Amino acid sequence: MRLQNVVSKDCEAVRIGGDEFIVWAPDFTLTEGENLAKEIIHTFNETILIDGLEVDTGASIGVAHFPTHTDNAETLISCADTAMYKAKKQRSGWQTYNEAHILKSELDVKLRTDLHNAMLHDEFTLHFQPKVDLRTHRVIGVEGLCRWQHGQLGLLMPAAFIELIDHSGKVQDFGRYILRKAVTHAAHWKKLNIAVPIAINLSPYNLLDPGLIDYIKQLLDDFDIPAHYIEIELTENETCLNIDYIQSALQRIKEIGIEVAIDDFGTGMSSFAYLDKLRANTLKIDRTFVSDIDVNDGHKAIVSSAVTLVKAFGCNLVAEGVETKQQAELLVELGCYLAQGYYIAKPMPEEALISLLKQLD
């Protein structure tokens with residue numbers, strides 16, 4: 001209603017899904033479009049009264065102009081989408097599309113178009129990065145990292161497509177797809193007598209899938225895989241989304257026998273209450289605090305505090321992004337014994353991992 005009150009008769013507001021809208025202003029100049037964005041932001045920044053309670057609201061807006069930014073309608077929407085996510089990241093309220101991003105937007109449009117067929121044609125694959133005990137060098141698990149073997153663009157890293165998936169309406173389908181991938185690999189490894197857990201990254205939005213738990217149970221049953229062969233990692237700064245529901249979903253996942261890790265720990269809104277609610281089996285301290293631990297006393301102190309923290313919560317601590325021998329040795333001194341990173345091994349295809357595990361056996 002507030003949006004309709006701001007948008008003039010010369011414009012049209014269209015809901016495209018969830019809490020996302022397009023405001024089409026065919027006769028506006030770029031400056032007029034930016035002024036409209038400012039007006040919408042100002043309107044949505046005002047609190048509203050619900051049942052006697054003041055509720056804060058807000059909006060993030062991306063502005064794109066035809067033909068300044070593109071001469072294609074589909075790309076125009078992608079341009080506005082790109083600008084909106086930039087506004088979200090910068091918490092600036094609104095952003096005008098930057099022409100420097102035109103190529104990226106055209107690529108995004110192509111990848112969005114190809115996304116559905118990519119899952120149908122099984123173009124996504126997992127590469128595996130070992131996690132080891134630094135004291136014994138024993139591999140205690142692997143993280144399955146998604147790659148897209150695109151027919152025209154070659155092997156794509158997650159940075160090129162994960163955000164597209166998160167906002168494509170296919171995030172829950174993709175989560176199930178990756179789960180099946182991991183279980184398929186685990187079943188193959190079981191036949192080879194390789195009992196190394198595979199950790200996969202799931203978005204908190206996957207946990208909002210009402211059929212996810214039953215789907216996981218059915219997968220484990222169909223492939224005859226023990227639950228402890230699979231682990232789930234969630235990014236810490238995203239798990240605050242609907243924390244009560246996520247807590248319930250994680251508890252049900254752990255009841256199956258699957259362990260849960262909080263990824264990139266230390267970069268989000270950490271709190272003791274937050275950790276106490278989620279009760280993860282593992283915290284993975286972000287590479288930000290590991291990359292310069294041998295020269296940054298502040299980051300060294302953070303890792304040391306994390307070691308104390310996991311003891312209090314009775315869970316494990318894994319250091320991400322270990323790239324040098326000095327970092328590895330210092331982590332052991334601090335009491336952080338589990339790690340992954342390029343010093344240990346880069347992510348690798350399944351064949352290379354199996355070969356590595358046989359060498360270490």
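A cavity here is a set of grid points where a 1.4 Å probe fits but cannot get out. I work from a predicted model throughout.

**Entry 1: enclosed space**

I looked for cavities and found 1 of 30 Å³ or more. I noted a volume of about 80 Å³ for the largest cavity. Which residues line the largest cavity? I listed Ile262, Leu275, Leu278, Arg279, Ala280, Leu283, Phe313 and Cys315. Sorted by class, this lining has 7 nonpolar residues, no polar ones and 1 charged residue. The charged one is Arg279.

**Entry 2: nonpolar cores**

I went on to the cores. The largest nonpolar core has 81 residues, and the members that touch the most others are Phe124, Leu283 and Leu331. I then asked which element gives this core its largest share. Helix H6, residues 171-191, does so with 9 residues. I also recorded a second core, separate from that one, with 11 residues, among them Val6, Cys11, Ile41 and Val63.

Leu283 came up twice, as a residue of the cavity lining and as one of the three best-connected members of the largest core. I therefore looked up its contacts, leaving out residues up to four places away in sequence. Leu283 touches Ile262, Phe265, Leu275, Leu309, Val310, Cys315, Asn316, Leu317 and Val318. Of these, Ile262, Leu275 and Cys315 also line the largest cavity.

**Entry 3: cysteines**

How many disulfides does the structure hold? I counted 0. The cut-off I applied is a pair of cysteine sulfur atoms within 2.5 Å. Why is Cys79 not in a disulfide? The closest cysteine sulfur to that of Cys79 belongs to Cys11 and is 19 Å away, which is too far for a bond. Cys79 counts as buried, because its relative accessibility is 0% and the limit for buried is under 20%.

I checked Cys336 in the same way. Its sulfur has its closest cysteine partner in Cys315, 11 Å away, so a bond is ruled out by distance. Cys336 is buried too, at a relative accessible area of 1%. Cys315, the neighbour named here, is also one of the residues lining the largest cavity.

**Entry 4: the second largest pocket**

I turned to open space and took the second largest pocket, with a volume of about 1,000 Å³. I found 35 lining residues, of which Leu145, Pro158, Asn201, Thr235 and Asp263 are the closest to the pocket centre. Elements giving two or more residues to this lining are strand S7 (124-133), strand S8 (138-150), helix H5 (162-166), H6 and strand S12 (259-265). Which of them gives the most? S8 does, with 5 residues. By class I noted 14 nonpolar, 12 polar and 9 charged residues in the lining.

H6 thus appears in this lining as well as in the largest core.

**Entry 5: two single residues**

I looked up Asp173, which lies in helix H6. Is Asp173 buried, exposed or partly exposed? Asp173 counts as partly exposed, because its relative accessibility is 48% and exposed requires over 50%. Its C-alpha atom is 9.2 Å from that of Met119, at a separation of 54 residues along the chain.

Ser8 I placed in the loop between helix H1 (2-6) and strand S1 (12-17). At 31% relative accessibility, Ser8 also counts as partly exposed. I took one distance for Ser8: its C-alpha atom is 47 Å from that of Leu179, 171 residues away along the chain.

How values were computed
Residues numbered from 1 in each chain as written. Predicted model: local features only at pLDDT ≥ 70, side-chain atom pairs only at ≥ 80, totals over all residues. Heavy atoms only, no water. 1 Å grid on protein atoms, 1.4 Å probe; cavity = no way out; pocket = protein on both sides within 12 Å on 5 of 7 lines; lining within 4 Å. Points joined across faces, edges and corners; volume = space filled by probe spheres on them. Core = buried A, V, L, I, M, F, W, Y, C linked by side-chain atoms within 4.5 Å. Buried < 20%, exposed > 50% of the residue type's maximum accessible area, 1.4 Å probe, protein only. Helix = DSSP H or I, 4+ residues; strand = E, 2+ residues; numbered from the N terminus. Contact = heavy atoms within 4.5 Å.
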